[in-house]
Amino acid sequence: MMKKVFGKAAVPLSMAVRAGDYVYVSGQVPVVDGKVVEGGIEAQTAAVLDHVTAVLETAGCTMSDVVKTFAILTSASDFKAFNKVYATYFPVEPPARTTVEAGLMAADIMVEIEAIAYKPIG
């Protein structure tokens, strides 16, 4: 199996790792230029999914290659608004998904999403 690492972070993790035909994207958060995105769950979800898109591109993938996501929301009451934005990034055949409510590492962060993409090598 081939393993390749993409991107660097301020903490000890890789932004993405390709293992064979799969690309694993680390949990992305709504931080741009070192600041948490303001504007509520919809703005934060869009920022996170923009990050996921960008990280996938570094590994030669697109959002249509995503087969599974794992989303963490700090409040279950944000689920409907989160879904509204999430659906725009996966308009056709969305990936399998798990969504949970939990605390995140920074108080102002309302959402974190990780993704797994499938794109055969060669």
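**Notebook: rings, a sheet and two helices**

I started with F79 and F82, which both sit in helix α2 (residues 79-89), 3 residues apart, or about one turn of the helix. For the record, helices (H or I, at least four residues) and strands (E, at least two) are DSSP runs, numbered from the N terminus.

*Ground rules.* I am working on a predicted model, in which local features need pLDDT of at least 70 and side-chain atom pairs count only at pLDDT 80 or more, while totals for chains, interfaces and linings use all residues. Residues are numbered from 1 along each chain as its sequence is written, and side-chain values use heavy atoms, with hydrogens and water left out.

*Entry 1, rings.* I searched the whole structure for aromatic pairs and got 5. One of them is F79 with F82, a stacked pair with 6.4 Å centre to centre and 25° between the planes. My criterion was that rings of Phe, Tyr and Trp (its six-membered ring) pair if their centres lie within 6.5 Å; planes under 30 degrees apart count as stacked, over 60 as edge-to-face and the rest as tilted.

Next I asked myself: is F82 buried or exposed? F82 is at 0% relative accessibility, so it counts as buried. F79 is at 36%, so it counts as partly exposed. The cut-offs here are under 20% relative accessible area for buried, over 50% for exposed, and partly exposed in between (1.4 Å probe, protein chains only).

Then I looked at Y86 and F90, whose ring centres are 4.9 Å apart with planes at 40°, so I logged the pair as tilted. Y86 is buried at 5% relative accessibility, and F90 is buried at 7%. Ring pairs link F79, F82, Y86 and F90 into a cluster.

What lies over the face of Y86? I found R97 there, at 4.5 Å from the ring centre. The test for a charge over a ring is NZ of Lys or CZ of Arg within 6 Å of the ring centre and within 35 degrees of the ring normal.

*Entry 2, salt bridge.* My search of the whole structure gave 1 salt bridge. K84 forms it with E42, and the closest N and O atoms are 3.9 Å apart. K84 belongs to helix α2 and E42 to helix α1 (residues 40-58), so this pair ties together parts that are 42 residues apart in sequence. The cut-off is a side-chain nitrogen of Lys or Arg within 4 Å of a carboxyl oxygen of Asp or Glu. I also checked exposure: K84 is exposed at 56% relative accessibility, whereas E42 is partly exposed at 32%.

*Entry 3, the sheet.* I traced an open sheet of 6 strands in the order β1-β2-β3-β8-β6-β7, with mixed pairing. Its edge strands are β1 and β7 (96-101), each pairing on one side only. Neighbouring strands are turned by 10° against each other on average, direction ignored. Two strands pair if DSSP finds at least two bridges between them.

I went through the pairings one at a time:

- Strand β1 (residues 3-6) runs antiparallel to β2 (residues 16-19) with 4 bridges, and K3 has A19 as its bridge partner.
- β2 runs antiparallel to β3 (residues 22-28), again with 4 bridges; V17 partners Y24.
- In the hairpin of β2 and β3, with 2 residues between the strands, G20 takes a positive phi near 65°.
- β3 is joined to β8 (residues 111-118) by 5 bridges, antiparallel, and Q28 stands opposite I113.
- β6 and β8 pair antiparallel over 7 bridges; L73 faces V111 in β8.
- β6 and β7 pair in the parallel sense over 6 bridges, with A71 opposite T99.

*Entry 4, helices on the sheet.* Where does α2 lie? I see α2 across β6, β7 and β8, running at about 150° to β7. Such angles run from 0 to 180 degrees between N-to-C directions, with axes as lines fitted to C-alpha atoms, for helices over the stretch in contact.

*Entry 5, A59.* I finished in the loop between α1 and β6, where A59 has its place. A59 is buried, with a relative accessible area of 8%. Not counting residues up to four places away in sequence, A59 touches F6, R18 and V23, contact being heavy atoms within 4.5 Å. A59 and R18 are 41 residues apart in sequence, yet 7.4 Å apart in space, C-alpha to C-alpha.
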